[in-house]
Amino acid sequence: MENRNEQQEENVLTDQQMDKVVSTLLAIEEMDDRQLYLKIRRTIAARRAARRKKRIWAGSCAAFIALALIATVAILPGERESPGLTEQEPGVRLIVSDGRNYNLTGSEPPAELFSDGNAVMKAEENTLFVRAAAEEAAEVEPTYNTLEVPRGMQYDLVLSDGTKVWLNSDTRLRFPTTFPKSERRVYIEGEAYFEVARNEDKPFVVDIGSQSVTVLGTAFNVNAYEYNPSILTTLFSGSVKVNGGQVEQLLTPGQQASLDKATGAIQVREVDLSDALAWRVNIIHLEKRTLGEIISYMSKIYDVEFRFVDESARNIRFRGNVTRSDDVFSVLDRIGEVGNVRFDYNGNEIEVYMK
């Protein structure tokens, strides 16, 4: 543990050195400061991730290599980055209906993203706001935008009707800039928590492909990751109608509907609401879950890969919760303390062993 702390301190020092080099290179080459800064920050992030996964902390040697690469880019004529390349910077992305692509969590997110006369979209403090200019939209066929939240991140959205949406990692939501008069429909892949603005004349529909959830005004969570065998809809307040194609089911607060993707069958049960809401309050819920289930979830939120060297470790069950940290290693340390498992870092994988 002491080694890890020393290594993290070394990383901070390396970042400070990098920032000093940025200023020096800019003064000499008179290049575009934002493009060079982004290139350097991406290099730092990539090398830090590689060192963590391999337990190789190269220190000054890695800093020298990174600086050599960056200096080469800085002095070669004609190698200045084009503005389009900055769109590849990792982050939450918004693809608007006309094809424009924005990074909402990059180094310099745009203040105003889109305006079509009916609504304006703005990104502020980890939230995308869609503000309608008129109470009702005039178009018959709404134009849809897509909000993509990558692994390891979360993001919020406020729709034009006032509905609030919290999006978990590895989630995509398609939504219109403004809603037509008949209904309010969005499409989701992944997981999101909805607080729907009440409008009895215009139902709100969450379309999940094989299932839809229809509400007037309520709060609920939808877990619809593609790799899960079931779609889970958990109701916190109000009421919702879950439609699986051949079957419909009304839910009351505290109930969860589980739709089997293979058969279309819907099962309803009473659940602990804190479990479904844990991700929103930065809690990793361990209670009665197997290590296999926990690792699958952590792989998504931290964007890391795991491999069970001892398959028997996959079925270990846990109790309690762990606070979600920005550092996956501190979370694994805690899980290793309470469970009979250990984690080793080998190449691009975290290997799981029985102790």
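Q: Which residues is Glu191 in contact with, leaving aside its neighbours within four places in sequence?
A: In this predicted model, Glu191 is in contact with Trp166, Leu167, Asn168, Thr171, Asn221, Val222, Asn223, Tyr225, Ala276 and Trp279. Contact here means heavy atoms within 4.5 Å. Glu191 itself is found in strand S10, residues 184-195.

A quick word on the ground rules: residues are numbered from 1 along each chain as its sequence is written, and side-chain values use heavy atoms, leaving out hydrogens and water. Local features need pLDDT of at least 70 and side-chain atom pairs count only at pLDDT 80 or more, while totals for chains, interfaces and linings use all residues.

Q: Why is Glu191 called buried?
A: Buried means under 20% relative accessible area, exposed means over 50%, and partly exposed lies in between (1.4 Å probe, protein chains only). Glu191 has 5%, so it counts as buried.

Q: What makes the pair Glu191 and Trp279 a polar contact?
A: A polar contact is a pair of N or O atoms within 3.5 Å; within protein, one must be able to donate a hydrogen and the other to accept it, and residues adjacent in sequence count only if both atoms are side-chain atoms. The side chains of Glu191 and Trp279 are joined at 3.3 Å, so the pair fits that limit.

Q: Why does Ile231 count as buried?
A: Its relative accessibility is 1%, so Ile231 falls under the cut-off. Ile231 is found in strand S14, residues 230-237. Not counting residues up to four places away in sequence, Ile231 touches several residues, including Ile208, Gln211, Ala257 and Leu259. Gln211 is 20 residues from Ile231 along the chain, with 8.0 Å between their C-alpha atoms.

Q: How do you know that S15 pairs with S12 and with S16?
A: Two strands pair if DSSP finds at least two bridges between them. Strand S12 (residues 212-215) has three bridges to S15, running antiparallel, and S15 has four to strand S16 (residues 248-251), also antiparallel; both counts therefore satisfy the rule. Ser212 has Asn243 as its bridge partner, and Lys241 stands opposite Leu250. In the S15-S16 hairpin, with four residues between the strands, Gly245 takes a positive phi near 100°.

Q: Which residues form the covered face of S15, and which the uncovered one?
A: Val240 and Val242 are on the covered face, whereas Lys241 and Asn243 are on the uncovered one.

Q: What makes S20 and S22 the edge strands of their sheet?
A: Each pairs on one side only. The sheet is open, with three strands in the order S20-S23-S22 and mixed pairing. S20 and strand S23 (residues 349-354) run parallel and share four bridges, with Glu351 as the partner of Arg307.

Q: Which strands does helix H5 lie across, and at what angle to S20 does it run?
A: H5 (residues 291-302) lies across S20, S22 and S23, at about 160° to S20. Helix H6 (residues 328-338) also packs on the sheet, making about 150° with the direction of S22. Axes are lines fitted to C-alpha atoms, for helices over the stretch in contact, and angles run from 0 to 180 degrees between N-to-C directions.

Q: What is the average pLDDT of the protein chain?
A: It is 75, and 70% of the residues score at least 70. The pLDDT is the predictor's confidence in each residue, from 0 to 100. Over residues 1-87 the pLDDT is below 50. Where pLDDT is low, the predicted coordinates should not be read in detail.

Conventions:
Helix = DSSP H or I, 4+ residues; strand = E, 2+ residues; numbered from the N terminus.
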